[in-house]
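Visitor: I should like to go through this structure with you, point by point. May we begin by displaying it?

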Amino acid sequence: MKLGFVASKKVGNAVQRNRAKRLLRAMILKNQNKLQPGEYIFVAKESIFDRNFETINKDFYYAMKKMQLC
């Protein structure tokens, strides 16, 4: 499985962009066994800091299920 994580300067300064990418990586590690093999690119948006980890995780799972990837 190939993964890519992107956070543009709209997300914030370098510290905030790195934090956003770490949150996305942690979410993937938690759900790695549920994903089908493939190539994925995850884009961090500004609103990632408005939610806690559990909400982000639920949103991720809902999106993957809707796209039939888990």
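The exchange below takes up selected features of this model, which is a predicted one.

Visitor: How many salt bridges does the structure hold?
Guide: Side chains of opposite charge can pair when their charged atoms come close. One pair here is lysine 30 with glutamate 54, and arginine 51 forms another with aspartate 59. The number of salt bridges in the structure is two.

Visitor: In the salt bridge of lysine 30 and glutamate 54, what is the distance from N to O?
Guide: A salt bridge requires a side-chain nitrogen of Lys or Arg within 4 Å of a carboxyl oxygen of Asp or Glu. The side chains of lysine 30 and glutamate 54 meet in such a bridge, and the N to O distance is 3.3 Å.

Visitor: How many residues apart in sequence are the parts that the pair of lysine 30 and glutamate 54 ties together?
Guide: Lysine 30 belongs to helix H1 (residues 14-31), whereas glutamate 54 belongs to helix H2 (residues 53-66). The pair therefore ties together parts whose separation in sequence is 24 residues.

Visitor: Is glutamate 54 buried, partly exposed or exposed?
Guide: The partly exposed class lies between the buried limit of under 20% and the exposed limit of over 50%. Its partner lysine 30, with a relative accessible area of 42%, is partly exposed. Glutamate 54 has 41% relative accessibility and therefore counts as partly exposed.

Visitor: Which residue forms a salt bridge with arginine 51?
Guide: Arginine 51 has a relative accessible area of 40% and is partly exposed. The closest N and O atoms of the bridge are 3.4 Å apart. The partner, partly exposed at 37% relative accessibility, is aspartate 59.

Visitor: Is asparagine 31 buried or exposed?
Guide: Asparagine 31 lies in helix H1. Residues up to four places away in sequence aside, asparagine 31 touches Asn57 and Phe60. Its relative accessible area is 3%, and a value under 20% means buried.

Visitor: Which residue has its backbone oxygen 3.0 Å from a polar atom of the side chain of asparagine 31?
Guide: The contact joins a side-chain polar atom of asparagine 31 to a backbone oxygen. The residue that supplies this oxygen is methionine 27.

Visitor: Which element gives the most residues to the largest nonpolar core?
Guide: The core has 16 residues, of which Leu24, Phe42 and Phe60 touch the most other members. Strand E1 (2-7), H1, E2 and H2 are the elements that give two or more residues to this core. With five residues, the element that gives the most is H1.

Visitor: Which residues of the core, besides Leu24 and Phe60, touch the most other members?
Guide: The three residues that touch the most other members include Leu24 and Phe60. The remaining one is in contact with Leu3, Gly4, Phe5, Val6, Leu24, Ile28, Phe60 and Met64, leaving aside neighbours within four places in sequence. That residue is Phe42.

Visitor: What distance separates the C-alpha atoms of phenylalanine 5 and leucine 24?
Guide: Phenylalanine 5 is found in strand E1. Not counting residues up to four places away in sequence, phenylalanine 5 touches Lys21, Leu24, Arg25, Ile28 and Phe42. Phenylalanine 5 and leucine 24 are 19 residues apart along the chain, and their C-alpha atoms are separated by 7.4 Å.

Visitor: How far apart in space are leucine 3 and glycine 38, C-alpha to C-alpha?
Guide: Leucine 3 is found in strand E1 and, at 37% relative accessibility, counts as partly exposed. Beyond its neighbours within four places in sequence, leucine 3 is in contact with Ile28, Tyr40 and Phe42. Leucine 3 and glycine 38 are 35 residues apart in sequence, and their distance in space is 8.5 Å.

Visitor: Which residues form a nonpolar patch on the surface?
Guide: One member, isoleucine 41, lies in strand E2 (residues 39-44) and counts as exposed because its relative accessibility is 68%. Together the members have about 280 Å² of accessible area. The residues of the patch are Val6, Ile41 and Val43.

Visitor: Which residue other than glycine has a positive phi near 60°?
Guide: The residue is found in the segment after H2. Its relative accessible area is 63%, so it is exposed. The residue with this phi value is glutamine 68.

How values were computed: Residues numbered from 1 in each chain as written. Predicted model: local features only at pLDDT ≥ 70, side-chain atom pairs only at ≥ 80, totals over all residues. Heavy atoms only, no water. Patch = residues over 30% accessible without salt bridge, like charges linked within 9 Å, V, L, I, M, F, W, Y side chains within 5 Å. Areas by Shrake-Rupley, 256 points an atom, 1.4 Å probe, with all protein chains shown as cover. Helix = DSSP H or I, 4+ residues; strand = E, 2+ residues; numbered from the N terminus. Buried < 20%, exposed > 50% of the residue type's maximum accessible area, 1.4 Å probe, protein only. Polar contact = N/O pair within 3.5 Å; in protein donor to acceptor, adjacent residues only side chain to side chain. Contact = heavy atoms within 4.5 Å. Core = buried A, V, L, I, M, F, W, Y, C linked by side-chain atoms within 4.5 Å.
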